[in-house]
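Me: I am new to this structure and would like a close look at a single part of it. Please take one residue as the starting point and work outwards from there, in connected sentences.

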Amino acid sequence: MAIRERLRDNHRDNHRDQIEALDRAIGDLDWILHPPGTTAFGFPAPSGVLAATALGAPAHPRVVLLPGATGSKEDFVLLAPLLRDAGYFVESYDLAGQYQSAEAGPGEGGSYDYALFVADLIAFLEAGSTPVHVLGYSFAGIVAELALAERPELFATLTLLGAPPEPGQAFRGVRWIGKLSYLLPAHRIASLIIWGIVTNKNKVRAGRLALVRMRFQYTSRRSFDDIVRLMKHVPDVRAVLATSGIPILIAVGDNDLWRHSLHRGLADRIGAELRVYRTGHSPCETTPHQLARDMLALYARGATR
């Protein structure tokens with residue numbers, strides 16, 4: 001028995017090493033290009049037409065990858081084909097006001113609020129087969145949590161990728177802004193975030209930097225200001241998540257915006273799995289093979305629920 005267990009452990013360690021090696025081997029690329037076979041379409045959401053993509057066979061189990069503020073569906077060009085190759089139908093869309101969905105929004109005089117983003121997500125989920133494996137990246141993790149609280153039957157699983165781990169004023173736990181965020185208005189915080197991105201404080205490669213800079217030519221600044229304002233008032237749905245029965249994965253980098261201890265606290269509070277990778281706020285870009293491995297394990301648990 002001991003020999004069998006050692007062999008199993010060695011096999012698991014070798015497999016983990018191989019996956020990590022695949023992530024380390026990722027080079028620079030053109031992030032504007034989507035994987036072969038990707039279909040682009042416009043989705044008529046409550047807020048307007050959202051730019052969306054689909055990859056894989058529609059008859060397969062459905063995955064929706066939701067990018068966050070200043071992001072877009074292109075953030076998943078490495079992750080989506082891994083999920084497709086594992087037998088899933090993978091969709092994504094730009095949030096209202098972001099990149100190619102910049103024209104979608106609340107209309108004249110309105111604001112981008114949680115109700116708008118949640119209504120868009122629920123409409124997108126309802127437009128295909130359900131329940132759906134949903135990933136919410138950063139701010140979109142909040143949106144996905146709120147949608148699950150409102151319509152749990154639409155969810156097979158939930159992955160929170162670098163999502164704010166605390167309700168209330170989410171920026172209080174961010175490493176580089178912390179307590180200062182209480183004093184700064186949303187517009188000023190948004191300006192600091194944009195400055196950090198366009199000046200490449202994260203030291204991303206040239207191909208990635210070209211995408212993130214280019215998106216700001218389209219993204220609505222008003223939408224981003226409103227999102228930052230929303231993140232100062234994150235609703236507390238932890239009790240709902242804990243009792244939903246939906247398998248949840250919290251996936252973060254060990255150098256995420258929020259401290260590891262805060263993500264651990266949320267995982268313990270809601271009964272979620274926590275996976276930490278050797279990267280920053282963007283595991284979908286830098287450790288997609290490891291992230292896909294853990295998401296597929298989550299999906300397997302969801303299938304037996």
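Reply: A good place to begin is F124, which has a relative accessibility of 2% and therefore counts as buried, the limit being under 20%. The model in which this is seen is a predicted one, and the values that follow are computed from it.

F124 belongs to helix α3, which covers residues 114–126, and its ring takes part in pairs with two other rings, those of Y93 and F43, that are described here in turn. With Y93, the ring centres are 4.7 Å apart and the planes stand at 45 degrees, an angle that is neither under 30 nor over 60, so this pair is tilted. Y93 lies in strand β4 (residues 89–93), 31 residues away from F124 along the chain, and the pair thus links distant parts of the chain. Like F124, Y93 is buried.

With F43, the centres of the two rings lie 5.0 Å apart and the planes are at 75 degrees, which is over 60, so this pair is edge-to-face. Here too distant parts of the chain are linked, since F43 sits in strand β1, 81 residues from F124. F43 has a relative accessible area of 10% and is therefore buried as well. Together with F41, the three residues F43, Y93 and F124 form one aromatic cluster, and the structure as a whole holds nine aromatic pairs.

The strands that carry F43 and Y93 lead on to the sheet. In general, strands of a sheet pair through backbone hydrogen bonds, in either a parallel or an antiparallel way. In this model, eight strands form an open sheet with mixed pairing, in the order β1-β2-β4-β3-β5-β6-β7-β8. Strand β1 (39–45), the one that holds F43, is an edge strand, as is β8 (273–277), and each of these two pairs on one side only. Averaged over the sheet and with direction ignored, neighbouring strands are turned by 20 degrees against each other.

Further along that order, strand β3 (residues 62–66) runs parallel to strand β5 (residues 132–137), and four bridges join the two. Within this stretch, L66 stands opposite G136 in β5. Helix α4 (residues 139–150) packs on the sheet here, touching β3, β5 and β6 (155–161), and its direction makes about 155 degrees with that of β6.

Technical notes. Residues numbered from 1 in each chain as written. Predicted model: local features only at pLDDT ≥ 70, side-chain atom pairs only at ≥ 80, totals over all residues. Heavy atoms only, no water. Pairing = 2+ DSSP bridges. Axes fitted to C-alpha atoms, helices over the stretch in contact; angles between N-to-C directions. Contact = heavy atoms within 4.5 Å. Phe/Tyr/Trp six-rings, centres within 6.5 Å; stacked < 30°, edge-to-face > 60°. Buried < 20%, exposed > 50% of the residue type's maximum accessible area, 1.4 Å probe, protein only.
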